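Let's take a walk through a protein together, one stop at a time. Have the 3D view ready so you can turn it as you read.

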Amino acid sequence: MSENILDYLKENRNKNLSELYDFLKIPSVSTDSEFKDDVKRAGEYVYNYLDKIGFSNLEVIETKGHPIIYAEYMEAGIDAPTVLLYGHYDVQPADPYEEWLSDPFNPEERNNRIYARGASDDKGQVFMHLAVFEAFMKTEGKLPLNVKVCIEGEEEVGSENLYKYLNENKEKFAADFTVISDSGMVAEGQPTILYGLKGFTGLEIEVTGPSQDLHSGIYGGAVKNPAMALAQLLATMKNEDEYITVDGFYEDVEDLTENERELIKSVEGEDYLETTGAIETASEKGYTAKEHTMARPTFEVNGIYGGYQGEGTKTIIPSTATAKITCRIVPNQDPKKIQDLLEQHIEKHKPKGVNVKVKKEKLSAKAYKVEPTDELITRAAKSYQKAFEKEAVFVRMGGSIPVVEWLDDLYKHPIVLLGFGTPEDRLHSPNESFPLSSFDLGMETIVHYWNTFK
Ligand SMILES: [Zn+2]
């Protein structure tokens with residue numbers, strides 16, 4: 001049962017907090033070479049902790065950048081499942097320092113929160129897992145399942161070396177599922193199952209006409225205006241119903257089931273008019289704004305430029321006009337295929353009298369989704385509920401978490417995002433914090449979750 005373990009965590013709360021603070025005091029800023037030794041020290045902290053509580057096959061995996069900490073516990077036996085626990089011990093820079101109300105690298109408790117860089121993202125949440133493993137070991141002498149731990153030091157700089165290493169050592173990290181605590185809940189005290197993320201892809205359209213900007217009095221009426229041509233082309237790509245009119249764009253999009261629509265409806269979403277200042281919401285016909293942002297693909301013009309941008313008028317026909325476009329895509333859509341479809345559409349609809357060039361964006365990601373009815377997810381929901389005494393809500397996010405999408409693509413096994421952050425945590429900003437309630441109830445959730453594998 002969980003009682004002994006929970007009691008242990010209660011009795012050792014002060015010890016745990018002070019050990020977490022030791023971890024948070026290390027300025028493991030991965031992007032700044034000045035902190036290289038500190039980043040290393042934070043990795044060693046994780047290594048030593050895992051070593052102390054009885055993990056084996058520990059490794060500090062050196063990379064071109066910062067090391068990856070690996071450890072495993074395989075004593076639950078071959079019949080027990082194996083989980084890959086991913087997290088990161090590096091943090092964002094703390095600047096601007098003067099905006100912090102307390103030292104970013106000297107944790108302080110105020111307003112029932114822990115204030116420090118990394119308190120929420122992600123050292124605080126990594127530490128909770130370490131402390132829970134320790135509590136199991138100290139009270140039961142074992143863990144209910146096999147565990148492989150992978151805590152990296154380069155998440156905040158793109159995880160490139162982790163990708164490379166995992167690709168070359170796929171078997172080593174192979175598991176039945178992955179657990180990541182590096183995300184948040186929709187509100188403090190409101191357990192949240194994040195079961196889907198969007199992917200993205202993009203391109204740039206450059207329209208060129210005359211070889212230089214022209215006098216609009218002399219040449220207006222004689223040549224095509226590239227800025228106008230670009231506007232006409234863009235207008236063929238999405239209609240007034242917010243529907244993307246590119247052939248085949250929706251081909252692989254799975255329908256939103258009634259069950260999912262119910263789940264989305266049950267989440268108390270934000271008031272879009274209030275938070276955005278827009279005068280009206282605009283979503284794909286047949287879908288609410290929440291449904292569209294969470295579960296339907298989008299097409300956005302991120303920037304458009306060309307011609308005269310200065311004060312007053314300048315009567316020219318610009319020689320070029322450019323638009324940058326990105327799409328947030330949903331599960332089953334392939335980013336490369338979407339780029340190809342967009343390119344074909346542009347080729348087919350390009351206005352006469354101008355040249356149109358497409359530059360495909362190299363960076364792209366597939367969407368991620370785990371079925372909300374997957375047993376690993378329902379167990380997580382129940383574990384949250386037990387700890388927080390509140391039913392979990394299920395959400396999909398319009399954003400992307402590259403590591404999740406990448407692990408999903410590599411291992412094709414369920415990824416459980418067991419996050420405990422809150423919207424007020426100020427990740428990456430001054431005064432980052434993490435609620436003590438998330439610290440306590442989050443660990444309790446993790447205890448319940450591991451115990452479902454007994
Ligand atoms: Zn993070």
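Start with the charged side chains: counting by a simple distance rule, there are 34 salt bridges here. Keep in mind that what you're looking at is a predicted model. We'll visit a few of those pairs and then head for the metal.

First up is Arg-13, which pairs with Asp-440 in a salt bridge whose closest N and O atoms are 3.0 Å apart. Arg-13 sits in helix α2 (residues 13-24) and Asp-440 in helix α14 (residues 436-451), so this pair ties together parts that are 427 residues apart in sequence. Buried or exposed? Arg-13 is partly exposed, at 27% relative accessible area, and Asp-440, also listed at 27%, counts as partly exposed too.

Next, find Glu-291 and Arg-261, whose side chains meet in a salt bridge of 2.8 Å, N to O. Here the link runs between helix α10 (residues 289-295), home of Glu-291, and helix α8 (residues 258-266), home of Arg-261, with the two positions 30 residues apart in sequence. Glu-291 has a relative accessibility of 7%, and because buried means under 20%, Glu-291 counts as buried. Arg-261 comes in at 21%, so Arg-261 is called partly exposed.

A third pair is Lys-366 and Asp-409, with their closest N and O atoms 3.4 Å apart. Lys-366 is in the loop between β14 (355-360) and β15 (368-369), while Asp-409 belongs to helix α13 (residues 402-411), so the bridge ties together parts that are 43 residues apart in sequence. Lys-366 is partly exposed, at 36%, and Asp-409 is partly exposed as well, at 35%.

Salt bridges can also join up into groups. Lys-15, Glu-19, Lys-52, Glu-134 and Lys-138 are linked in a network of them.

Now for the metal. Which residues hold the zinc ion? Its protein donors are His-88 through NE2, Asp-121 through an OD atom, and Asp-182 through two OD entries, lying 1.9 to 2.5 Å from the zinc ion. The four donor atoms subtend angles of 53 to 142 degrees, which makes the arrangement irregular. Along the sequence, the donor residues follow the spacing H-x32-D-x60-D. Two of these donors come from distant parts of the chain: His-88 is in strand β3 (residues 82-88), and Asp-121 is in the loop between β5 (113-115) and α4 (123-140), 33 residues apart. Both His-88 and Asp-121 are buried.

From those two donors, step across to Glu-156, which is in contact with both His-88 and Asp-121. Other contacts of Glu-156 include Ser-30, Asp-90, Val-91 and His-428. You'll find Glu-156 in the loop between β6 (146-152) and α5 (160-168). What is the nearest side chain of opposite charge to Glu-156? That would be Arg-117, 7.6 Å away, and Glu-156 is buried yet has no salt bridge. A salt bridge needs the charged atoms within 4 Å. Glu-156 does have a polar partner, though: its side chain makes a polar contact of 3.1 Å with the side chain of Gln-92.

Our last stop follows that loop into α5. In this helix, Asn-161, Leu-162, Tyr-163, Tyr-165 and Leu-166 are buried. What do they pack against? The buried residues of α5 pack against β1 (56-61), β2 (68-73), β3, β6 and α13. You've met some of these already: β3 carries the zinc donor His-88, and α13 holds Asp-409 from the third salt bridge.

How values were computed. Residues numbered from 1 in each chain as written. Predicted model: local features only at pLDDT ≥ 70, side-chain atom pairs only at ≥ 80, totals over all residues. Heavy atoms only, no water. Helix = DSSP H or I, 4+ residues; strand = E, 2+ residues; numbered from the N terminus. Buried < 20%, exposed > 50% of the residue type's maximum accessible area, 1.4 Å probe, protein only. Lys, Arg positive; Asp, Glu negative; His and termini not counted. Polar contact = N/O pair within 3.5 Å; in protein donor to acceptor, adjacent residues only side chain to side chain. Contact = heavy atoms within 4.5 Å. Donors = N, O, S within 2.8 Å, 3.2 Å for Na, K, Ca; no water. Tetrahedral: all angles 85-135°; square planar, octahedral: opposite > 155°, others 65-115°. Lists of a residue's contacts leave out its neighbours within four places in sequence.
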